Amino acid sequence: MSSETENAKFSLSGATLYGINAVVGSGIFLLPRTIYMDLGPASLLAMLFDAVLVLLLAVCFAEVSCYFDKNGGAFQYSKSAFGDFVGFIVGLLGWFVTIIAWSAMAAGFAKLLIMAFPALKGMNTFISIALVILLSIINSTGLKSSKIFTITVTIAKLIPIVAFVFISIFFLKGGFDNGNFTPFLRLKEGMSLSKALGSTSMTIFYAFIGFEALPVVAGEMRDAKKNMPRAILGSITVVSVLYFMIIAGTIAMLGVGILESGAPVQDAFGQMVGPWGKWIISVGALISILGLNVGDSMMIPRYGASIADEGLLPKVFAKKNSKEAPYVAIIVSCVLTSGLLLTGSFEQLAELSVVFRFIQYIPTALAVIFLRKKNPDAKTAFRLPLGPTIPILAIVVSIWMLKEGANSSSLIAGGVGIVIAGILYFVLNGSKKQTS
């Protein structure tokens with residue numbers, strides 16, 4: 001049985017595909033118009049700049065992941081570095097934000113499906129909740145089924161993206177010849193360069209959100225301490241290249257016409273290969289958001305179960321069935337996600353998700369420094385150079401992102417969330433001795 005369980009886990013390639021799936025969603029198909037708006041073709045430089053910023057955070061996750069071979073991600077890192085109290089806050093808010101994100105993704109799938117099949121109009125809530133329930137059932141049948149489904153969907157959604165990237169290479173020269181890349185810098189009227197760069201970088205950063213999902217399922221990966229950092233860096237690198245080429249190809253085909261397009265990638269591909277190109281990209285968008293839902297259905301219950309495994313939530317949340325699936329956490333996650341869909345308030349809540357995600361990013365970057373001191377003789381598969389420089393830069397970048405992209409109400413909500421999580425910790429674990 002242990003051999004079968006090990007074989008069911010993700011290999012390095014499978015984990016890398018899972019990481020790509022966790023990041024790439026339907027938003028990339030509409031992204032070029034938004035990021036072109038403030039900088040023009042110079043948005044390509046903003047993409048490169050942002051990819052470096054995201055990598056700063058990702059490599060912090062990569063190093064600290066070397067110390068762990070179990071589920072939990074940022075929760076496990078924070079708990080080990082700073083103790084139960086901080087770990088509980090990071091874990092609980094992390095679980096909360098992923099449930100919000102799943103509800104938004106399920107609603108997004110329903111919206112795209114109805115756009116493709118107008119006869120389903122008015123069935124948004126039914127479709128989204130049915131999807132959540134179906135994926136929860138598949139997840140409860142064990143890791144093998146979920147892994148196969150995840151890898152299949154990821155490959156399917158990458159086909160139109162890779163096709164666009166490959167074909168666009170042959171149209172880049174024409175884009176230059178037609179003047180679609182000149183002038184290179186086209187600042188939006190009334191915007192300074194720094195403000196435009198900050199706004200564009202935040203938009204791009206939203207598109208990268210999800211890279212932190214991979215370490216959450218470390219316990220479902222073969223030789224996690226060795227393969228996790230490789231999967232994180234591999235997936236972020238692949239996504240960065242794809243994003244850059246999608247934006248470059250769209251600019252080459254549409255130029256300033258991007259601003260007049262409601263679906264720029266679809267329109268650009270239609271110009272490249274004909275009307276059927278739009279259809280391919282539309283199907284790709286639907287598969288992409290389905291892939292995000294599949295990834296969330298696997299990751300979210302395991303996040304909750306990992307907190308219970310560490311004794312910080314009631315043990316019942318960690319209970320597993322005969323297929324080693326955390327069925328109680330699956331049920332709870334399914335019910336909470338469906339409840340958000342029924343309230344219809346998930347879109348407003350989703351706006352808070354970015355702020356709450358930084359409650360995972362910043363402690364993880366700090367954990368690099370603290371875990372090095374705590375484990376001075378540890379030989380890890382991946383170690384950042386330049387001492388604490390990169391983690392400190394990642395923290396500075398995170399604070400900058402919050403300053404540029406978060407409004408005061410979201411920051412207040414994040415503070416309130418921390419206070420509530422802290423109170424709940426003492427309600428559930430007040431009698432326990434703090435561990436670190």
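Trainee: What makes α12 and α13 oblique to each other?
Mentor: Keep in mind that this is a predicted model. The axes of helix α12 (residues 264-273) and helix α13 (residues 276-309) cross at roughly 140 degrees. Over 145 degrees would count as roughly antiparallel, and 65 to 115 as roughly perpendicular. The crossing of α12 and α13 fits neither, so the pair is called oblique.

Trainee: How do the axes of α12 and α13 lie in space, and which residues meet?
Mentor: The axes come within 7 Å, and α12 passes α13 in a right-handed crossing. Val265, Gln266, Asp267, Phe269, Gly270 and Val273 in α12 meet a group in α13. That group is Trp276, Gly277, Lys278, Ile280, Ile281 and Ser282. Sorted by class, the contact of α12 with α13 has six nonpolar, four polar and two charged residues.

Trainee: Why is α12 described as largely enclosed by the rest of the structure?
Mentor: Buried means under 20% relative accessible area. Seven of the ten residues of α12 are buried, so the description holds. They are Pro264, Val265, Gln266, Ala268, Phe269, Gly270 and Met272. Just after α12 comes Gly274, with a positive phi of about 110 degrees.

Trainee: What makes α5 roughly antiparallel to α6?
Mentor: Helix α5 (residues 74-82) and helix α6 (residues 84-116) pack at about 165 degrees, with axes 7 Å apart. The cut-off for roughly antiparallel is over 145 degrees, so α5 earns that label against α6. Here too there is a right-handed crossing, with α5 passing α6. From α5, the contact uses Ala74, Phe75, Ser78, Lys79 and Phe82. From α6 come Asp84, Val86, Gly87, Phe88, Val90 and Gly91. The contact of α5 with α6 splits into six nonpolar, three polar and two charged residues.

Trainee: Which residues have the most contacts inside the largest nonpolar core?
Mentor: That core has 121 residues, and the ones with the most contacts inside it are Phe109, Phe205, Phe208, Phe211, Tyr243, Tyr303 and Tyr361. Helix α6 turns up again, giving the most to this core with 16 residues. Take Phe211: leaving out residues up to four places away in sequence, Phe211 touches Val23, Val54, Leu57, Ala58, Phe61, Ile236 and Tyr361.

Trainee: Why does Ser333 count as buried?
Mentor: Set its value against the cut-off, which is under 20%. Ser333 has 0% relative accessibility, so it counts as buried. Ser333 sits in helix α14 (residues 327-343). Setting aside neighbours within four places in sequence, Ser333 is in contact with Trp95, Trp102, Ile300 and Pro301.

Trainee: And why does Leu371 count as buried?
Mentor: The same reasoning works: at 1% relative accessibility, Leu371 counts as buried, since buried means under 20%. Its home is helix α16 (residues 353-374). Beyond neighbours within four places, Leu371 is in contact with Val64, Tyr67, Phe68, Ser80 and Ala81.

Trainee: How far apart are Leu371 and Val64 in sequence and in space?
Mentor: They are 307 residues apart in sequence, with 7.5 Å from C-alpha to C-alpha. For the protein as a whole, take the contacts between residues at least 6 apart in sequence: 82% of these join residues at least 24 apart.

Trainee: How many helices and strands are there, and what share of the residues is buried?
Mentor: The protein has 18 helices and zero strands. Of its 436 residues, 56% are buried.

Conventions:
Residues are numbered from 1 along each chain as its sequence is written. This is a predicted model: local features need pLDDT of at least 70, side-chain atom pairs count only at pLDDT 80 or more; totals for chains, interfaces and linings use all residues. Side-chain values use heavy atoms; hydrogens and water are left out. Axes are lines fitted to C-alpha atoms, for helices over the stretch in contact, and angles run from 0 to 180 degrees between N-to-C directions. Helices (H or I, at least four residues) and strands (E, at least two) are DSSP runs, numbered from the N terminus. Angles under 35 degrees count as roughly parallel, over 145 as roughly antiparallel, 65 to 115 as roughly perpendicular and the rest as oblique. A crossing is left-handed if the near helix is turned anticlockwise from the far one by less than a right angle, and right-handed if clockwise. Contact means heavy atoms within 4.5 Å. Ala, Val, Leu, Ile, Met, Phe, Trp, Tyr, Cys and Pro count as nonpolar, Asp, Glu, Lys and Arg as charged, and the others, Gly among them, as polar. A nonpolar core is a set of buried Ala, Val, Leu, Ile, Met, Phe, Trp, Tyr and Cys residues joined through side-chain atoms within 4.5 Å. Buried means under 20% relative accessible area, exposed over 50%, partly exposed in between (1.4 Å probe, protein chains only).
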